[in-house]
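Colleague: Before I trust the labels on this fold, can we go through what they rest on?
Modeller: Sure, let's put it up and take them in turn.

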Amino acid sequence: MTPPSLLPAVLVRPELLPPGLIGTPGRRPRRPGDSGFELPDPPQCPHDRLLVVIIFDDSYSVTGGNDPVGNRYREAAAALTHLGRRCRCGRLRVAIVHFDRGTSVDVDPTPLNRRGSRRLAGGLAPPPGRYSGSSKLGPALDRAQEIADAHPDHQVAVCVFSDFELLDPQPEAVLDRLCAWPGPAHAVVLHNPPPGRLRDAPTVTVTGIGWASDRGSVARAVYGALTTHSLHRKA
Ligand SMILES: [Zn+2]
């Protein structure tokens, strides 16, 4: 059993957010603050060209048992909706990749505006069906690299949601790839202490999410991935 001192400092309560947060047809979506957490006002357009590839691990070690998976996706949606309401310049883009590449809920790079955030919401769920996702990060990083290669005019960030119980043939080599990502890299580590390689890497922003984390912790991690490197560009 993991000693309490090694648990992430930030812990998550496995509570679901109110369904109105993401938006129900015919209803005006609630602001994130209505659900118990606040996000800062987004930086104004025009933004630097930034494409954030959000990578989700849906393997059983993440989704089985008492996982707060609803929180993870709902809070990510809240952050994207919050930012999408404000961006008009089209320079902020988001792609969603799940650990089993090529899933039906992957979303190609999409401008983060109102319309785009609705499209991206379709990717914020585990792939449907009797699905048991893989625990391999390598193929998702391959896909992220393909996206980066196709968008040489954007800075490309990766934001990985995983417990990092990886079953890649050489997991440490895969973590090294994440540490060496040429753009901003964020690791949102679910339930577990962060792997030492990530914790010690000056290039990776690490957020620990556990059972008692404050509401909004996941949303703030996504918000941070999309805004930390998208400073307001003065016209
Ligand atoms: Zn913008």
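**Sheet and cores**

Modeller: This is a predicted model. Start with one pair: A187 has V206 in strand 6 as its bridge partner.

Colleague: What makes strand 5 and strand 6 a pair?

Modeller: They share six bridges in the parallel sense. Pairing takes at least two bridges, so strand 5 and strand 6 qualify.

Colleague: Where do they sit in the sheet, and why is strand 6 called an edge strand?

Modeller: The sheet is open, with six strands in the order 3-2-1-4-5-6 and mixed pairing. Strand 3 (107-111) and strand 6 (204-209) each pair on one side only, and they are the edge strands. On average, neighbouring strands are turned by 15° against each other, direction ignored.

Colleague: Which strands does helix 7 touch?

Modeller: Helix 7 touches strand 1, strand 2, strand 4, strand 5 and strand 6, and its direction makes about 145° with that of strand 1.

Colleague: How do you know that L80 is buried?

Modeller: L80 belongs to the largest nonpolar core, of 35 residues, where L80 and L226 have the most contacts. Members of such a core must be buried, so L80 is under 20% relative accessible area. The elements giving two or more residues to this core include helix 2 (69-84) and helix 7 (217-227).

Colleague: What does L80 touch beyond its sequence neighbours?

Modeller: Leaving out residues up to four places away in sequence, L80 touches I54, V94, L112, S117, L120, L124, V222 and L226. There is also a second, separate core of 28 residues, with V53, A140, I147 and V160 among them.

Note on methods. Residues are numbered from 1 along each chain as its sequence is written. This is a predicted model: local features need pLDDT of at least 70, side-chain atom pairs count only at pLDDT 80 or more; totals for chains, interfaces and linings use all residues. Side-chain values use heavy atoms; hydrogens and water are left out. A nonpolar core is a set of buried Ala, Val, Leu, Ile, Met, Phe, Trp, Tyr and Cys residues joined through side-chain atoms within 4.5 Å. Buried means under 20% relative accessible area, exposed over 50%, partly exposed in between (1.4 Å probe, protein chains only). Helices (H or I, at least four residues) and strands (E, at least two) are DSSP runs, numbered from the N terminus. Contact means heavy atoms within 4.5 Å. Axes are lines fitted to C-alpha atoms, for helices over the stretch in contact, and angles run from 0 to 180 degrees between N-to-C directions.
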